[in-house]
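This report describes one protein structure, beginning with its surface and moving on to its pockets, its ion pairs and its backbone. The structure should be kept in view while reading.

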Amino acid sequence: MLNPSRADMGLSLLLEQTARSIYDKRGPTDIHPGQWSALRYFARANRKARTVAGLATFLGVTRGPASRAANSLVKQDFLQSEINPQDGRSPLFTVTEKGRDALKHDPIIRLARAISDLKRDQRSDLAESLEQLYSSLNG
């Protein structure tokens with residue numbers, strides 16, 4: 001299909017706006033969407049993967065933006081950087097107490113609650129549709 005229908009464009013814009021609405025706070029001292037993704041990643045990643053390279057792979061970006069996100073979180077005291085005994089050039093990142101406290105108020109929780117309010121078949125349809133969209137965009 002060369003040109004998507006008007007309805008498909010409208011649905012695409014609605015999906016984009018829905019994703020943007022997760023992050024209602026956008027002040028200069030607030031955690032930005034990419035930084036939230038980085039903070040979530042470091043909170044879940046195993047020790048070996050808590051590097052800029054691991055974050056870059058997870059986010060699907062180059063090391064430059066991943067490094068800026070990680071270093072910004074370090075400056076804000078959400079992450080701590082330590083020497084990597086396996087590779088001295090690539091620090092390991094650990095979520096600080098401030099970072100763990102921030103994750104308790106992660107804006108993605110709002111979306112998870114909204115999804116949990118959907119009926120079971122709606123959640124199943126949403127999951128299937130999003131998996132197919134993700135696959136189409138990244139396949």
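A patch, as the word is used here, is made of residues that have over 30% relative accessible area and take part in no salt bridge, with nonpolar side chains such as Leu joined when they lie within 5 Å. In this predicted model, Leu 15, Leu 126, Leu 130 and Leu 133 make a nonpolar surface patch of about 310 Å². Helix H7 gives the most to that patch, with three residues. Leu 130 lies in helix H7, and because its relative accessibility is 38%, Leu 130 counts as partly exposed.

**Overall architecture**

The protein has seven helices and two strands, and their order along the sequence follows the pattern α-α-α-α-β-β-α-α-α. Taken along the principal axes, the C-alpha atoms fill a box of roughly 50 × 30 × 30 Å. Of the 139 residues in the protein, buried ones make up 25%.

**Pockets**

The largest pocket holds about 1,200 Å³ of space. Its lining counts 25 residues, and those closest to the pocket centre are Leu 15, Ala 19, Leu 130, Leu 133 and Tyr 134. Leu 15, Leu 130 and Leu 133 are thus named both in this central group and in the nonpolar patch. At least two lining residues come from each of helix H1 (6-21), helix H2 (33-44), helix H6 (108-116) and helix H7 (120-138). By residue class, the lining of the largest pocket divides into 17 nonpolar, five polar and three charged residues.

The second largest pocket has a volume of about 290 Å³. It is lined by 14 residues, and Lys 25, Trp 36, His 105, Asp 106 and Pro 107 lie nearest its centre. Helix H6 supplies the largest share of this lining, namely three residues. The lining of the second largest pocket is made up of six nonpolar residues, one polar residue and seven charged residues.

**Salt bridges**

Side chains of opposite charge can pair when their charged atoms come close. A search of the whole structure finds six salt bridges, and the table lists some of them with the distance between the closest N and O atoms.

| Basic residue | Acidic residue | N to O distance |
|---|---|---|
| Arg 110 | Asp 24 | 3.9 Å |
| Arg 40 | Asp 106 | 2.6 Å |
| Arg 47 | Glu 82 | 3.0 Å |

The N and O atoms of Arg 110 and Asp 24 are 3.9 Å apart, and the pair counts as a salt bridge because the cut-off is a separation within 4 Å. This pair links distant parts of the chain, with Arg 110 in helix H6 and Asp 24 in the loop between H1 and H2, 86 residues apart. Arg 110 has a relative accessibility of 44% and therefore counts as partly exposed, whereas Asp 24, with a relative accessible area of 54%, is exposed.

How far apart are the closest N and O atoms in the salt bridge of Arg 40 with Asp 106? They are 2.6 Å apart. This pair, too, links distant parts of the chain, since Arg 40 is in helix H2 and Asp 106 is in the loop between helix H5 (97-103) and H6, 66 residues apart. Both Arg 40 and Asp 106 are buried, and Asp 106 is also among the residues nearest the centre of the second largest pocket.

The side chains of Glu 82 and Arg 47 meet at 3.0 Å, N to O. Here the link runs from Glu 82 in strand S1 (residues 79-82) to Arg 47 in the loop between H2 and helix H3 (52-59), and the two are 35 residues apart. Glu 82 is partly exposed, with a relative accessible area of 23%, and Arg 47 is partly exposed as well, at 40%.

**Backbone details**

Gly 34 has its place in helix H2 and, with a relative accessible area of 39%, is partly exposed. Its C-alpha atom is separated by 9.2 Å from that of Pro 65, which is 31 residues away along the chain.

Most residues other than glycine have a negative phi. Asp 77, although not a glycine, has a positive phi of about 70 degrees. Asp 77 is found in the loop between helix H4 (63-75) and S1, and its relative accessible area of 41% makes it partly exposed.

Methods:
Residues numbered from 1 in each chain as written. Predicted model: local features only at pLDDT ≥ 70, side-chain atom pairs only at ≥ 80, totals over all residues. Heavy atoms only, no water. 1 Å grid on protein atoms, 1.4 Å probe; cavity = no way out; pocket = protein on both sides within 12 Å on 5 of 7 lines; lining within 4 Å. Points joined across faces, edges and corners; volume = space filled by probe spheres on them. Helix = DSSP H or I, 4+ residues; strand = E, 2+ residues; numbered from the N terminus. Nonpolar A, V, L, I, M, F, W, Y, C, P; charged D, E, K, R; others polar. Patch = residues over 30% accessible without salt bridge, like charges linked within 9 Å, V, L, I, M, F, W, Y side chains within 5 Å. Areas by Shrake-Rupley, 256 points an atom, 1.4 Å probe, with all protein chains shown as cover. Buried < 20%, exposed > 50% of the residue type's maximum accessible area, 1.4 Å probe, protein only.
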